[in-house]
Amino acid sequence: HQARWNAVGMPGSYASRRFREFHLDLVHRLVPIGAMGMFRVTCPDGILGCAQVFIDNNRALLYQSGWSPREGDSSPGLIVDYLCMAACCERGFDHFDFMAGESEYKRRLS
């Protein structure tokens, strides 16, 4: 997340110490009880991107994602979200929800 926003001259959500601490607390509390899942996509160059989902009953709700800034025709964010959706499907989730906001990539993946 930070690398992408920093690459375009923006601070990103994790620039705030308060948000980072809140977020780490969420991860430490929710992952062990199965209420949050973490997903990572790697490629030969390293980590392509990561996503995290809240888990509510049998639904995966995309909370936050981020990806490495890349050049070329591929869209790392689209790839990460698609593979996260596929992994959730393989694990038997009934629904994948992008949650709030409208954007082209959400429409394309839906």
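1. Start with Arg-59 in this predicted model. Is Arg-59 buried or exposed? Neither label fits. Its relative accessibility is 31%, so Arg-59 counts as partly exposed. The cut-offs explain the call: buried means under 20% and exposed means over 50%.

2. Next, place Arg-59 in the fold. Arg-59 belongs to strand 3. That strand covers residues 59-67. Which residues does Arg-59 touch, leaving out those up to four places away in sequence? They are Phe-54, Phe-93, His-95 and Asp-97. The side chain of Arg-59 also makes a polar contact of 2.6 Å with the side chain of Asp-56.

3. Sequence distance and spatial distance are separate things to check. Take Arg-59 and Cys-88. They lie 29 residues apart in sequence. Their C-alpha atoms are 8.8 Å apart in space.

4. Now the sheet. Strands of a sheet pair through backbone hydrogen bonds, either parallel or antiparallel. Here 4 strands form an open sheet, in the order 1-2-3-4, with mixed pairing. Which strands sit at the edges? Strand 1 (36-43) and strand 4 (95-97) do, and each pairs on one side only. On average, neighbouring strands are turned by 30° against each other, direction ignored.

5. Look at one pair in detail. Strand 1 and strand 2 (residues 46-56) run antiparallel, joined by 8 bridges. One position to find on screen is Val-41, whose bridge partner in strand 2 is Gly-49.

6. Two helices pack on this sheet. Helix 2 (residues 17-30) touches strand 1, strand 2 and strand 3. Its direction makes about 135° with that of strand 3. Helix 3 (residues 76-90) touches strand 1, strand 2, strand 3 and strand 4. The direction of helix 3 makes about 45° with that of strand 2.

7. Check the length of helix 2. It has 14 residues, and at 1.5 Å a residue these should span 20 Å. The end C-alpha atoms are 20 Å apart, which agrees.

8. Helix 2 has two sides worth comparing. Which of its residues are buried? They are His-23, Leu-26, Val-27 and Leu-30. Seen down the helix axis, the buried residues fall within an arc of 95°, so they line one face of helix 2. These buried residues pack against strand 1, strand 2 and strand 3. On the other side of helix 2, Arg-17, Arg-18, His-28 and Arg-29 are exposed.

Conventions:
Residues numbered from 1 in each chain as written. Predicted model: local features only at pLDDT ≥ 70, side-chain atom pairs only at ≥ 80, totals over all residues. Heavy atoms only, no water. Pairing = 2+ DSSP bridges. Axes fitted to C-alpha atoms, helices over the stretch in contact; angles between N-to-C directions. Contact = heavy atoms within 4.5 Å. Expected span 1.5 Å × (residues − 1). Buried < 20%, exposed > 50% of the residue type's maximum accessible area, 1.4 Å probe, protein only. Arc of directions from axis to C-beta. Polar contact = N/O pair within 3.5 Å; in protein donor to acceptor, adjacent residues only side chain to side chain.
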